[in-house]
Structures are given as C-alpha cells and as structure tokens.
Amino acid sequence: MSTHRVRVRVNGTALEREVPADRLLLDLLREDLALTGTKEGCGIGVCGLCSVLVDDEVVSACLLPVILVDGRSVVTIEGLADRPGGAALQDAFLVHGGFQCGICTPGQLISASALLAASPRANEAEVRDWMKGNLCRCTGYYGILRSIAAVQAGAAEGDGR
Amino acid sequence: MSFDYVVPGSLAEASDLLARGGPDAHALAGGTALVLMYKQGLLRPEKVVGLGRLAELRGVRRLEDGGLWLGAMTTLRAIETHPEVAAHSPALALAFASVATVRIRNQATLGGNLAHADPAQDPPPMLVALDATVEIARGLTRRTLPLGELFRDIFETALVPGELIVGIRLPPLAPRARATYLKFLPRTEDDYATVSVAVRLAVAEDGRCSDARVCLGSVGSTPVRARAVERALVGHALTDHAISDAAALVAQEIDPLGDARGSAAYKREMAAVCTRRAIATLRDA
C-alpha cells in the first residue's frame with residue numbers, strides 16, 4: 001500500500017499526516033485525531049452518522065479516502081460551534097427536542113448546518129429532502145425539523161433588525 | 001490487499017497508467033462507488049489512478065449550438081444546481097437530484113456514475129432520452145459514442161483499459177420538446193428506483209406527437225430504450241387511450257430481475273404504469 005503526505009485543516013487546525021492510500025477520513029478523525037463525535041453507522045454512505053463538512057459541503061466520512069481531502073478543510077461536530085450559526089443550531093436542538101439519544105445527532109447537526117448555509121430559507125419540503133439522508137432510529141424526525149425551523153425563524157427575526 | 005495510488009497531471013498520463021495496469025487498475029473520481037466496492041471486497045485494485053488533477057474533465061458549459069457539455073469530474077450536485085442545466089431542461093436537473101442524498105451527490109461524479117454502469121442509477125436513462133453522446137479519451141485518441149452504447153451489462157461498459165470518460169454532450173432540446181424523469185420509490189426517498197422512466201416528447205401544433213424518446217432504469221442489465229413505445233407514440237394524437245396502449249408495450253421491451261425493490265413481475269407492471277404517467281405528465285404540462 002502506497003502512503004501519502006496529506007495536508008488537511010480539521011476544525012481550523014492545519015495538520016500534516018502520512019496516510020496509507022486506503023485510509024478513510026472517518027478513521028483518521030476517530031482513531032488518529034480522537035475526534036469521536038463523528039460516528040460510524042452503516043459504513044456504506046446511507047445512514048448519515050458520519051456526516052462531516054469538507055470545504056463546507058456535507059459528505060460521508062466513511063466513503064471518503066483521506067487522499068481526496070488533501071488541501072481541503074474539514075469541519076466535524078467538535079468544530080461546529082465555531083461555524084457561523086453553529087452554536088445557535090446546537091441550542092435549538094437542545095430546546096426543541098432535536099437532540100435525542102445522541103447517536104445520529106452529530107450527523108444531523110452537520111447536515112442541518114450545511115443546509116442552513118446553502119439555503120437559509122428552505123421550506124419544509126426542501127428541509128425534509130435535504131435531511132432524508134440522516135436516519136434516526138429512536139424517536140423520530142419532528143424534533144429535528146422543529147429545531148431547524150426554530151433557527152430559521154430566529155434568523156428571520158434577525159433579518160428584520 | 002494492497003494498492004498503489006497515483007495522481008497523474010495529464011489525461012495522457014492517466015490513460016497510460018490505466019492501460020499498463022490492465023483490469024486491476026481503477027480510476028478514482030469521487031470515490032463513492034470505488035470505496036464501497038473496495039470495502040465490500042468486490043474490488044481488489046493493484047493500482048488506483050486519481051483523476052483530481054485533470055481540470056479539463058471538470059465543469060458545465062453551454063455549447064454554441066445551444067447544447068450542453070458536462071465534464072466527467074463534475075459532481076452530481078454541481079450539475080444538479082447549475083443554472084445552465086436547469087435552462088436546458090428541468091428534468092435533467094431532477095434526474096441528477098434524484099440520486100441518493102445530497103451527501104452522496106456532493107462526492108459522486110458524472111464520469112464515475114456512468115463508468116460504474118449500475119442500471120439502477122438515475123442520470124443514465126435521462127441522458128439517453130436526451131440523446132447524449134459520451135466523449136471518451138485514451139491518451140490523445142478521442143472517440144464518441146451514443147451514451148446508450150456505453151452500457152454493455154451490469155457494471156460493464158464499452159470502455160477498454162486506458163480509456164476515460166471526458167464528458168457528456170447534449171444537443172439542445174427542440175423548441176416543442178419537453179422532458180421528464182419519473183422515479184418510482186415505494187420504500188424510502190433516498191433509495192434506488194424500483195422502476196425509473198425518462199421521457200422526451202415533442203408535440204406538433206396539430207396535437208400529434210412528432211418525436212419521442214423513452215428510456216427506463218432498474219428494469220434490465222442496462223438502461224433500456226423502449227423503442228416500441230416510441231414508435232407507437234410518434235404520429236399519433238396523445239389521447240389517454242393512445243398513451244395507455246403505447247405504454248403497455250414497454251412490457252415486451254424490458255427484462256427486469258427481481259430484487260429487494262420489487263419482483264420481476266411487479267417491475268414489469270409498474271414500468272407500464274410509470275411510462276403511462278410520465279407521458280401523460282408531459283402531454284399535460
């Protein structure tokens with residue numbers, strides 16, 4: 001297996017690592033960097049537990065080799081609060097019941113953050129379509145949708161000032 | 001299990017590496033298909049050739065004839081959201097937006113999607129219905145194929161080792177033509193289709209259908225052109241009865257395999273239903 005020197009910014013910190021060609025971003029985060037907020041679920045890009053941002057776009061860390069993030073910027077749940085609107089989104093999940101058992105929550109927050117950055121005024125159908133790739137297996141999606149709507153409503157109030 | 005990864009700086013070099021590597025060398029674009037198959041033990045590459053530095057494979061461009069060029073290394077999401085794509089035909093954007101989830105579309109590329117040759121994918125039937133041609137390069141040698149001829153069997157294309165998909169070329173949509181993409185998803189919204197139907201129709205001023213393309217996904221080993229349906233539509237007024245009769249002919253064109261998303265018999269029946277609905281939608285649009 002060839003190894004490669006990769007430079008990547010993780011939650012704002014520049015890193016340089018030598019990685020085997022088949023090292024996945026998920027394993028780099030969890031095992032090498034001890035950023036265990038990003039979870040592994042299905043391992044095939046379906047469940048959304050391992051959602052992270054790469055250059056502000058949401059992707060599955062379980063399907064992404066580290067060699068493809070060379071020179072790019074990664075944000076995980078541990079860095080979300082430093083993103084614009086990240087802390088407000090986390091608060092909304094706590095207040096409106098979006099934070100449930102906790103397994104899917106990091107991925108839900110990362111996806112929701114990417115959604116609100118890409119289309120802050122997404123309607124409910126668009127929110128559902130965007131969030132459909134983040135599965136919850138314990139309580140359901142209403143709290144998550146309420147949390148996102150609450151952030152949108154708060155941001156709308158802010159616009160009026 | 002072990003492979004070497006290389007990132008060539010030119011298309012000629014990439015072709016050369018892939019040609020010399022033979023069947024155990026694989027191109028890496030977005031990685032969604034390759035990584036999945038690697039993790040599942042379905043691929044054991046000896047060499048993986050990264051295409052990330054080949055800038056000429058990237059982008060979406062309007063062509064002088066009003067058509068569209070889509071670069072192989074463009075992500076599905078970038079195509080889906082590109083204004084020139086919606087301007088060509090909203091159905092084209094819809095077909096790209098129908099793939100899995102936004103997460104996958106941010107990573108997966110057009111070229112990877114086509115080279116993977118999974119008959120359950122969404123873009124191929126739509127692109128075939130829009131008369132796409134695929135540009136293929138091997139070093140400095142180029143050739144083009146009607147996109148339908150790229151697909152040979154499940155996960156099998158007409159590409160030989162060393163050949164890479166450069167991009168897709170679409171002619172402009174004729175003035176009276178419209179297109180639609182219908183994906184039948186009885187389980188979850190992010191699933192592969194049970195049946196999908198892409199239709200392009202032109203209706204003349206007298207109300208008769210003057211041109212038709214019908215291509216289906218998930219009902220055979222490749223995207224399937226339903227030529228009998230097309231023939232039954234052209235020259236006829238699109239009454240409910242005529243649409244229904246034409247759509248029923250789809251059953252003889254397809255050879256579905258039963259899978260987790262429906263038995264062969266169910267897919268055959270739903271292919272006719274979905275074809276009828278897609279054609280009626282276009283007539284009524």
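Okay, let's start where two parts of chain A meet: 17 residues of domain 1 of chain A are in contact with 15 residues of domain 2 of chain A. Keep in mind that this is a predicted model.

Where are those domains? The assignment for chain A puts domain 1 at 3-79 and domain 2 at 80-160. If you take the C-alpha centres of domain 1 and domain 2 of chain A, they lie 21 Å apart. On the domain 1 side of that contact, the elements giving two or more residues are β3 (51-54) and β4 (57-60) of chain A. Which of them gives the most? That's β3(A), with three residues. And if you sort the domain 1 side by class, you get eight nonpolar, six polar and three charged residues.

Now let's look inside. The largest nonpolar core has 141 residues, and the ones with the most contacts inside it are Leu25(A), Ala61(A) and Val199(B). Helix α11 of chain B, residues 264-284, brings the largest share of this core, seven residues. Have a look at Leu25(A) on your screen. Leaving out residues up to four places away in sequence, Leu25(A) touches Val52(A), Ala61(A), Leu64(A), Val66(A) and Val69(A). You'll recognise Ala61(A) there, since Ala61(A) was also on the list of residues with the most contacts inside the core.

Next, how do the two chains touch? The contact takes 21 residues from chain B and 22 residues from chain A. On the chain B side, the elements that give two or more residues are β1 (4-6), α2 (32-39), β3 (47-50) and α6 (102-107). By class, that side of chain B divides into eight nonpolar, eight polar and five charged residues.

Let's stay with α2(B) for a moment, since α2(B) gives residues to that contact. Which residues of α2(B) are buried? They are Thr32(B), Ala33(B), Leu34(B), Val35(B) and Tyr38(B). What covers these buried residues includes β2 (25-28), α6 and α7 (110-116) of chain B. So α6 of chain B turns up twice: α6(B) is part of the cover over α2(B), and α6(B) also gives residues to the side that touches chain A. A quick one on the backbone: just after α2(B), Gly41(B) takes a positive phi of about 75 degrees.

On to the strands of chain B. Strand β6(B), residues 133-138, and strand β7(B), residues 141-146, run antiparallel and are joined by six bridges. To find this pairing, look for Thr133(B), which stands opposite Pro146(B) in β7(B). The two strands form a hairpin with two residues between them, and Gly139(B) in the turn has a positive phi of about 60 degrees. β6(B) has another partner too: five bridges join β6(B) to strand β10(B), residues 164-170, and these two also run antiparallel. For a landmark there, the bridge partner of Glu135(B) in β10(B) is Gly167(B).

Let me finish by zooming out to chain B as a whole. Its secondary structure comes to eleven helices and 14 strands. The C-alpha atoms of chain B fill a box of roughly 60 × 45 × 30 Å along the principal axes. Does "compact globule or not" come to mind? Well, a compact globule of 285 residues would have a radius of gyration near 19 Å, and chain B has 19 Å, so the two agree. Buried residues make up 52% of the 285 residues in chain B. And among contacts in chain B between residues at least 6 apart in sequence, 64% join residues at least 24 apart.

Conventions
Residues numbered from 1 in each chain as written. Chains lettered and ligands numbered in written order. Predicted model: local features only at pLDDT ≥ 70, side-chain atom pairs only at ≥ 80, totals over all residues. Domains from an automatic or database assignment. Contact = placed C-beta atoms within 7 Å. Helix = DSSP H or I, 4+ residues; strand = E, 2+ residues; numbered from the N terminus. Nonpolar A, V, L, I, M, F, W, Y, C, P; charged D, E, K, R; others polar. Core = buried A, V, L, I, M, F, W, Y, C linked by C-beta atoms within 7 Å. Buried ≥ 20, exposed ≤ 12 C-beta atoms within 10 Å, placed from the backbone. Pairing = 2+ DSSP bridges. Rg over C-alpha atoms; globule rule 2.2 N^0.38 Å.
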